[in-house]
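User: I have a model open and would like to learn how to read its helices and loops. Could you walk me through it?

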Amino acid sequence: MTLAVSATVAWQSERNRLLGIAYRMLGDFGHAEDVVSEVGIDAVRQERKTDGGRVDSWPAWLTTVCVRRSIDRVRQLATVREDYTGPWLPEPVDTAQLPEEAVANRELLSLTLLHLAEQLAPEARAALVLHRAFGMPAPEIADVLGKTPAAVRQLISRAERRLDIDPDAPAPRAKDRAALEKLVQAIEQGEINTVVSMLHRDAVLWADGGGKVKSAMNPLFGASRIARFFAGILGKAVDFDPVEPIRAWVVEINGGAALVLRHNGRSDVMELDAAPDGSIRGLRQVSNPDKLTRVSRS
């Protein structure tokens, strides 16, 4: 077996796990695939070195390079996303299209947490992803990030507080499908009052149209404003198709349940974030068609 083949085999074995790391870091599966491909090229180059480039542990080496390349890509994308039209939301992916190793324990995989994690510094996000989603202890993460274990623990603790994550909580459970089905029925039947009754008083809706389709240009705060938003969608949908103006159904994306809304000749994907009392406190609607290529909308 040649050295190059050894590097390639190691990368192929770890590829799906690396995808899981990069996707959680970037919130964009296409960019995650690019990063992981670059890591594979780096691995072959590393093994071809003749000046002491020996690798003792390929999984550790690949993880380190993947995380560092992801951190660099996060910083590059931050500038691009500042110029994004309207709110930026992560790219949803059908759970069935995600490799098992990428899904891991489904931690930090939802659109909600991928979106919230955007507010973290890149190294804090990396520490949280490695710890929560892949169970790496602080000393191993410290080697990846070039920090002390104490500094890594502090990064993780602060990130968990910032995202309101209980450090002792188990991996998130699947969303209540009964509540989702109730919302589906209310939307399809135009029962705006029922939709309002399911919303938390301080609910927020983010709608990502990316300038490609008409959508809310700023987050909508409060149940009443969100209700008017849905009423507007319904009114236009009735004009577009009086017989079947709007359809909604449940799909599995990012390791959990979400909604597809079909109206005005287009499809949107929406994930809900529930408050402790069961009401809906966050709605993230992805309408940009460029971000919906990895979601089944049929």
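Analyst: Happy to help; we will take some helices first and then a few backbone angles. Keep in mind that this is a predicted model.

User: Let's start with α11. How many residues does α11 have, and what span does it reach from its first C-alpha to its last?

Analyst: Helix α11 covers residues 223–240, which is 18 residues, and reaches 26 Å from first C-alpha to last, close to the 26 Å expected at 1.5 Å a residue.

User: Which residues of α11 are buried?

Analyst: A general idea helps here. An α-helix has 3.6 residues a turn, so residues three or four places apart point the same way. In α11 the buried residues are A223, I226, A227, F229, F230, I233, L234 and A237. They lie on the same side of α11, because they cover an arc of only 155° around the axis. On the face turned away from that buried side, α11 carries the exposed residues R228 and D239.

User: Now a pair of helices. At what angle do α6 and α8 pack?

Analyst: An angle from 65 to 115 degrees counts as roughly perpendicular. Helix α6 (residues 122–133) and helix α8 (residues 149–162) pack at about 90°, their axes 9 Å apart. That makes the two helices, α6 and α8, roughly perpendicular.

User: Which residues make the contact?

Analyst: From α6 come E123, A124, A127, L128, H131 and R132, while α8 gives L155, I156, A159 and E160. Sorted by class, the contact of α6 with α8 has 6 nonpolar, 1 polar and 3 charged residues.

User: How many residues of α6 are buried?

Analyst: Buried means under 20% relative accessible area. By that cut-off, 10 of the 12 residues in α6 are buried, so the helix is mostly covered. Among them are R125, V129 and R132.

User: Is R73 in helix α3 buried or exposed?

Analyst: R73 is buried, at a relative accessible area of 11%. Leaving aside neighbours within four places in sequence, R73 is in contact with L26, H31, D34, V35 and E38.

User: And the backbone angles? Where does D164 sit, and what is its phi?

Analyst: D164 sits in the loop between α8 and α9, and its phi is near 60°, a positive value in a residue other than glycine. D164 is exposed, with a relative accessible area of 64%. N254 also has a positive phi, near 50°, and is found in the loop between β3 and β4. At 3% relative accessibility, N254 counts as buried. Just after α6, G135 takes a positive phi of about 65°.

Conventions
Residues numbered from 1 in each chain as written. Predicted model: local features only at pLDDT ≥ 70, side-chain atom pairs only at ≥ 80, totals over all residues. Heavy atoms only, no water. Helix = DSSP H or I, 4+ residues; strand = E, 2+ residues; numbered from the N terminus. Expected span 1.5 Å × (residues − 1). Buried < 20%, exposed > 50% of the residue type's maximum accessible area, 1.4 Å probe, protein only. Arc of directions from axis to C-beta. Axes fitted to C-alpha atoms, helices over the stretch in contact; angles between N-to-C directions. Parallel < 35°, antiparallel > 145°, perpendicular 65-115°, else oblique. Contact = heavy atoms within 4.5 Å. Nonpolar A, V, L, I, M, F, W, Y, C, P; charged D, E, K, R; others polar.
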